[in-house]
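Visitor: I would like to learn how to read a model like this one. Could we take it feature by feature?

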Amino acid sequence: MPYRVPDSFFDDFEDRIMAQTATPPATAKKKSLRRWLIPTGIAAAVAAIMLTVNIAPASLDDSESYLDIALAFDNLSNDERTCLIDAFQDDIFFNQ
């Protein structure tokens, strides 16, 4: 045989392996917590940014209320009103 081992090396081999694997190192728990905590924190930060970007401008922007549109239409001349009505008379979204 090309390899030689000391006598009685394999007699307590299983016991030594089990002793080394039975007690996990103390840092294993810390690593698993980091693996879970970092991606969760990043996902929460991204969600908060997206909610802020999507919700805040919509709640602050009141320029397109019906009253503003009515006032803008009232400020148009008769020719401009007629042009708008002619342009949108056959629009399928307005005529549903």
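Visitor: Does Phe9 count as buried, partly exposed or exposed, and at what relative accessibility?

Guide: First, a caution: this is a predicted model. Phe9 has 29% relative accessibility. Buried means under 20% and exposed means over 50%, so Phe9 counts as partly exposed.

Visitor: What share of the chain's residues count as buried?

Guide: The share is 0%, for a chain of 96 residues. The chain exposes about 9400 Å². Carbon and sulfur atoms supply 64% of that area.

Visitor: Which helices and strands does the chain have?

Guide: It has four helices and zero strands. Read along the sequence, the pattern is α-α-α-α.

Visitor: Where is confidence lowest, and where is it highest?

Guide: Start with the whole chain. Its mean pLDDT is 78, and 78% of its residues reach 70 or more. Confidence is lowest in helix α2, residues 27-60, at a mean of 77. Helix α4, residues 78-88, has the highest, at 87.

Visitor: Back to Phe9. How do I read a pair of aromatic rings?

Guide: Two values describe such a pair: the distance of the centres and the angle of the planes. This structure holds three aromatic pairs. In one of them, Phe9 and Phe10 are 5.1 Å apart, centre to centre, with 85° between the planes. That pair is edge-to-face.

Visitor: Why is the pair of Phe10 and Phe13 edge-to-face?

Guide: Look at the angle. The planes of Phe10 and Phe13 stand at 65°, and the cut-off for edge-to-face is over 60, so the pair qualifies. The ring centres are 5.6 Å apart. Phe9, Phe10 and Phe13 form one aromatic cluster.

Visitor: Is Phe10 buried or exposed?

Guide: Phe10 counts as exposed, because its relative accessibility is 55% and the cut-off is over 50%. Phe13 is at 34% and counts as partly exposed.

Visitor: Which residue lies over the face of Phe9?

Guide: Arg16 does, at 4.7 Å from the ring centre. Arg16 also has a charged partner. Side chains of opposite charge can pair when their charged atoms come close. Here the side chains of Arg16 and Asp12 meet in a salt bridge, 3.5 Å from N to O. The structure holds one salt bridge.

Visitor: What is the relative accessible area of Arg16?

Guide: Arg16 has 34% and is partly exposed. Asp12 is also partly exposed, with a relative accessible area of 34%.

Visitor: Now the backbone. What is notable about the phi of Ser8?

Guide: Most residues other than glycine have a negative phi. The phi of Ser8 is positive, near 60°, and Ser8 is not glycine. Ser8 lies in the segment before α1, which spans 13-22. Its side of the accessibility scale is easy to place: Ser8 is partly exposed, with a relative accessible area of 48%.

Visitor: Which residues make the nonpolar surface patch?

Guide: Phe73, Leu84, Ile85, Phe88 and Phe94 make it. The patch covers about 480 Å². Helix α4 gives the largest share, three residues. Ile85 is in helix α4.

Visitor: Let me recap. Where does Arg16 fit in?

Guide: Arg16 lies over the face of Phe9 and meets Asp12 in a salt bridge. Phe9, in turn, belongs to the aromatic cluster with Phe10 and Phe13.

How values were computed. Residues numbered from 1 in each chain as written. Predicted model: local features only at pLDDT ≥ 70, side-chain atom pairs only at ≥ 80, totals over all residues. Heavy atoms only, no water. Helix = DSSP H or I, 4+ residues; strand = E, 2+ residues; numbered from the N terminus. Buried < 20%, exposed > 50% of the residue type's maximum accessible area, 1.4 Å probe, protein only. pLDDT = per-residue confidence, 0-100. Areas by Shrake-Rupley, 256 points an atom, 1.4 Å probe, with all protein chains shown as cover. Patch = residues over 30% accessible without salt bridge, like charges linked within 9 Å, V, L, I, M, F, W, Y side chains within 5 Å. Salt bridge = Lys/Arg side-chain N within 4 Å of Asp/Glu carboxyl O. Phe/Tyr/Trp six-rings, centres within 6.5 Å; stacked < 30°, edge-to-face > 60°. Lys NZ or Arg CZ within 6 Å of the ring centre and 35° of its normal.
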